[in-house]
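Trainee: I'd like a close look at one helix, taken slowly, and then enough of the rest to see what company it keeps. Could you walk me through it?

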Amino acid sequence: MPEFADKDACELLDADHIAVKHLFVDYARLAASADATETEARRTELAMKICQELTVHAQIEEEIFYPALRQAFPDAVDLLDEALEEHQDAKELIDDVRSVGTANPAMDTLVAELDVAIDHHVKEERDELFPKARTAPDLDLMALGGKLRDRQQELQAEAAMSA
Amino acid sequence: MPKPIKPASNLQSNKNGVAKAAARNTDSAPSQPVPATSSDAAVAKAAQTGILVASMPFNPTKAGEHGFVNGLAPQAGATVALASRLPTGSTLSEENSSEKLGAVAAEGVNAGIEPLDRVRVDSAGQALTTNQGVKVADNQNSLKYGVRGPALLEDFILREKITHFDHERIPERIVHARGSAAHGFFECYDAATDLTKAAPFKEAGKITPVFVRFSTVAGERGSKDTARDARGFAVKFYTDEGNWDLVGNNMPVFFIQDAMKFPDLVHAVKPEPHNQMPQAASAHDTFWDFVSLMPESTHMLMWVMSDRAIPRSYATMQGFGVHTFRMVNGAGTSVFVKFHWTPMAGTHSLVWDEAVKISGADPDYHRRDLWERIESGAYPEYELGVQVFTEEQAEQFSFDVLDATKIVPEELVPIRPLGRMVLNRNPDNFFAETEQVAFCTAHIVPGLDFSNDPLLAGRHHSYVDTQISRLGGPNFHEIPINAPVAQVHNNQRDGMHRQAIPRGRVSYEPNSLAGGCPFQAGVAQGFVSVAASISAKEEQGKVRAKPEKFADHYTQATLFFESQSPVEQGHIANAFRFELSKVTVPAIRQRTVAMLRNASEALATKVAKGLGMTTMPEPLPKAITDVAAPEVMKSPALSLLHRPGDGSLAGRKVAILVAPGVEADFVLKAQTALLAQGVVARIVGPHIGLMTTLSGDELDADASMENSPGFLFDALILADGAEAIAALSQDGHTGEFIRDQFRHCKPIMCVGDARHLVRKAGLPISMDKSLAQGGTGLIVAEAGEGGDAMDAFMAAMRKHRHFGREMDPPLL
C-alpha cells in the first residue's frame, strides 16, 4: 500500500517491530527446513540485516524516544529502565550473532533467542509504553516521529556505507 | 433319492435294509461300520464319517503342546483328506436349493468376506417396501378407523417404521466419538522382508486396501472438528493375512503411561459431570486439576498446546503409532519399531483464533475438507515409515521405550520409509462404515508384535470391550466394514446378530468329524508371539509399579519446546494462557505453572505473566532428580516449519470477493489458474447469485460473505472494479473478512483500487515498512495486472502462513 501517510513515533517504531518480525520468521523457516545447509548464505544475510535493523532501532529509541518519554512521564522511569536493560541484553545477543559470522546451528539458536527477546521487548512497548506515549498531553508524537525517521535514515546510511 | 442297487441276495438285501434303517436315526447306531459302497446317501454319510473319524485314531499334535521350545514353533493341526463333502455337511437335505437358500456352501470358503458390493443397496427404480420386502402403498398416513378416527394397532407398517427409527442411535464411542473416515490403499515401496514378514510389506508395489478414521478425542459425536485436541489417526489394513489396525494419533506421545489412569484422564477432560460443560474442550478445571497432578503429562501438554492440536486438515497432519511395536521377519528376528505417517501435503495447522471462529461457522470443517478433497480428486496421501531399533539399543537410550510419554527423536533413530497410503474413496454411508468401523490395537498380523508398554496392553482390552456394548454383541467383526478380506474360519459361534451360517456340526478343535478343520495353522502360517523375555528382571514378581526411567517427566517436554520456532513457542505459551485463564481455581493455574517451570523457565514465565501472576510458584518437586542426559537436545523435525510438504496446493480454498461491477476477466482468469493447481476458488459476493460485471457480462457468486466467512478460506483475492469496491466497502462483512484473513496470517491479494478495502479494514500504517521489505503475503497488484501477480500469490500460499504479521495481541 504505497500511499501511507507519515507515521507518528509509535507507528514508526512499530513498523520496525513488524518488519523485523518478518525477517525473524523468514530466518526460522529456513533454519527449520530439511535442507538448511543450502540456505546458509540467505540465513547469514537475514541475520546481518536483523542485527543492523535492531541496532539502529535501539539507538533511535535510546537517543530520542525514551528520553522524550522520560521527560513526559517521570513515573515511567522503571519501565524505561527495564527497556534499556532489555536493549543491553539484545545488544549482547546481536554481538554474539555477528561474531558467529556465517549461519550455522549455533547462529540459528542465537537468532531464535534474539527473536524471543525482541518479542518480549516489543510486547512490553506495545502493551505499556505506547499507550502512555499516545495519551501524553505534551508529547508531539508526529514531530517525534519525524525526528526518529531522520535519525534512522542517517544511521542506516552510515551502516550502508560501512557495510 | 436314487434307487438302490439290486441286492445280491436276500441276506445282503436285509443287511442293506439294516444299514439304511440305522442311518436314518440321529442317535444310536450299529456296532460295526456300515459298507461304504452304499448308494444310499444316509448310509454313505455314516460310512464315510466312520472312515474319516477312524483315520484319526489319536490326536497326533497333543505331545507338541508342551514345553517352551514347542511353544515357539507350534505344529499345524492334524487334518484328514475328505473322500467327499458328505460327512462334513450339516444336513443331507442341503442338496435341495431355492432362491433363498442358494446351494451348498462353497468348499472352504467364508462368503462373508466378499467385497462390500454384497451389502450395497441402490434403490433406483424400486418401490418403497417394509423391512420384510412388502411394497408400501401409502407412506403418508397411518392406518385409522375412519379419516378422523383412532389409529390402529394392526398398522404393522407404521409400527415397523417407528420402531426402527426409535432404535437408530447406538452408543457413541466414549472417546474419539467425533470422526470422519475414508477408504484407500497402501502401496509398498520395496519389500521390507528383512524387517518383517507382515503381508503389506512383502513386495514392491503390493497394494493393501485400507479404511482410515480420523477423529478428535474428547468431543461428542456432533461436536466441532476444530477443537484443541489430539486427533485419532486409525488405519485398518485389510491384508491378505488378516486385518491389521494401526490405531494411532496425530501426536507421538500420550498424557499417561499406564492404562490404569485412562478412565481418570478421560473423566477429567470430558465435560464436567455436574453441568456437562464444556463440550470438546480441555480448558476447564477438572482437566487441569488432573494433569497438574500428573507431571508425566507435561510432554503431551506441549503437543496439545501447540498448533499440532488444531490441524488445517486431516490431509495435513502426521500420524504416529504412539507405542513401541515390534516387527518380526521370516527368520523370527524381531526389532522394535515406531510408526510414522507423514502427509505429502505437509504438516499444516490453523491458528487458535481461526479454529474458534471456524467451529462456529463450520463445525464440520475437517469432515467437509476430507470429503471435498476426495470428491475433487485431491486425494490425501501419507508416507508410512518406521524407526527401527533393537532391544539392546533401546536399553541404552536415556528414556524407556515402553513409556508412551516419550518419543524416539528422529535425530537418534532416522525414519525408514516403507510405503505410501492414498485415500481415494469416500464412504457410501456414514453410519454403516465410519460409525460401525471397529479398530483395536490388538488386531495385528504375522510379522508384527507388541512391546510391553502398559498403556498399549490396556488398549488391547479396552477397544474390543467397548465395541461389544457399542455395536451390540460379540459379532461386530461380521459387520461388512469390519470383515477382513482374508478367510475367517474358527469355532466361535452364536451371539447377537450372528451373520455367518457355518456348515456342519463341528464347532470345536481338535475334531475328526470335520477332518480336523479348521486346523491350527502352526508356526509356518500362523501368528506366533515373539518370545520376548522381560529384560533380566526375573527376580521380579507380580508388581504394580513403573520402571525407573518413567519418572523423568520433563526432559522430552523441554526437547519439544526447545525444538519449536519462536512463533510456535509463542503459540504454545498463548494456548497455556488461554486454557488456564478458563480455569476457575487460581491454585490449579499455580500448580500448572509450577510444573512448567521444570520443563521451560521461559515458557513458565510467559504463561505466568499472561495469567497476571505476580509471583512465580516454586517448581513442582521432581519424581527423580538424577535423570539420564538426553541424546538429542534439539530436534528440528518437531517443528511444523520443518514439514512444508511437497508444496502442493491441492485441496486449498481461496475466496475471490466480488460484487456487481467487478472486473470479471481477472476473476475468471484467477479462478482458472488456481483450479489448475487443484485449488478451489469460490466466488464470494455480498449475496449469492448473478452479478453484472464491469464488462456487462454476468458472474454467478456461489457463496456469500454471510454464509462463508473469511476465516474458512486459505487465502483471499480482492478484485478490482470501482462499483464493486464501493459496494463491498459499505458491507460490514467485508472488513471482518479481510481482518480475519490478515489476523490469521493468510495471503491476501488486492488488485487496483481494491487496496482501499484493505486500508478501510484497518490495515495498520505500521505495515508499510514490511510491505516495502516484502514477504508479508500481502500482494498488491496494479489495475489490470492481477493475472501477472497470480504466481506470487500462489507462492505466498505455499508458505501457508505469514507469521511476520503476528503480534500478541493481534495487530488487526
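Mentor: We'll begin with the one helix, then go on to the strands, two single residues, and finally the partner chain.

First, some housekeeping. This is a predicted model, in which local features need pLDDT of at least 70 and side-chain atom pairs count only at pLDDT 80 or more, while totals for chains, interfaces and linings use all residues. Residues are numbered from 1 along each chain as its sequence is written, and chains are lettered from A and ligands numbered from 1 in the order in which they are written.

Your helix is H16 of chain B, residues 586-596. Helices here are DSSP runs of H or I with at least four residues, strands are runs of E with at least two, and both are numbered from the N terminus. The buried residues of H16(B) are Ile588(B), Arg589(B), Thr592(B), Val593(B), Met595(B) and Leu596(B). They sit on the same side of H16(B), because they cover an arc of only 155° around the axis (the arc is that of the directions from the helix axis to the C-beta atoms). "Buried" means 20 or more other C-beta atoms within 10 Å of the residue's own, "exposed" means 12 or fewer, and "partly exposed" is in between, with C-beta atoms placed from the backbone. As background, an α-helix has 3.6 residues a turn, so residues three or four places apart point the same way. On the other side of H16(B), Pro586(B) and Ala587(B) are exposed.

So much for the two sides; what covers the buried residues of H16(B)? The cover includes four helices of chain B: H6 (285-292), H7 (298-305), H15 (566-582) and H17 (601-610). Contact here means that the C-beta atoms of two residues, placed from the backbone, lie within 7 Å.

Now step back to the whole of chain B, which has 23 helices and 18 strands. Of its 812 residues, 44% are buried. Its C-alpha atoms fill a box of roughly 120 × 80 × 55 Å along the principal axes. Take the contacts in chain B between residues at least 6 apart in sequence: 74% of them join residues at least 24 apart.

Next, the strands. Two strands pair if DSSP finds at least two bridges between them. Six strands of chain B form an open sheet with parallel pairing, in the order E15-E12-E11-E16-E17-E18. Strand E15 (703-704) and strand E18 (778-781) of chain B stand at the edges with a single partner strand each, so one side of each has no neighbour in the sheet. Helix H20 (residues 732-743) of chain B packs on this sheet, touching strands E11 (653-657), E16 (715-718) and E17 of chain B. The direction of H20(B) makes about 135° with that of E17(B); axes are lines fitted to C-alpha atoms, for helices over the stretch in contact, and angles run from 0 to 180 degrees between N-to-C directions. E17(B), residues 748-751, is joined to E18(B) by four bridges, and Ile748(B) stands opposite Leu778(B) there.

Elsewhere in chain B, the pairing is antiparallel. Strand E9(B), residues 415-425, pairs with strand E1(B), residues 179-188, over six bridges, with Glu187(B) opposite Arg420(B). Seven antiparallel bridges join E9(B) to strand E8(B), residues 381-389, and here Val386(B) faces Arg416(B).

Two single residues are worth a click. Arg326(B) lies in strand E6(B), residues 325-328, and counts as partly exposed because it has 19 C-beta neighbours inside 10 Å. Its C-alpha is 5.5 Å from that of Val337(B), eleven residues apart in sequence. Ala531(B), in the loop between helices H13 (522-525) and H14 (555-562) of chain B, is exposed, with 11 other C-beta atoms within 10 Å. Its C-alpha is 7.1 Å from that of Leu72(B), 459 residues apart along the chain.

Last, the partner. Chain A has five helices and zero strands. Its radius of gyration (over C-alpha atoms) is 17 Å, close to the 15 Å that the globule rule gives for 163 residues, so chain A is as compact as a globular protein of that length; the rule is 2.2 Å times the number of residues to the power 0.38. Where the chains meet, the contact takes 26 residues from chain A and 30 residues from chain B. The largest share of chain A's side, 14 residues, comes from helix H1(A).
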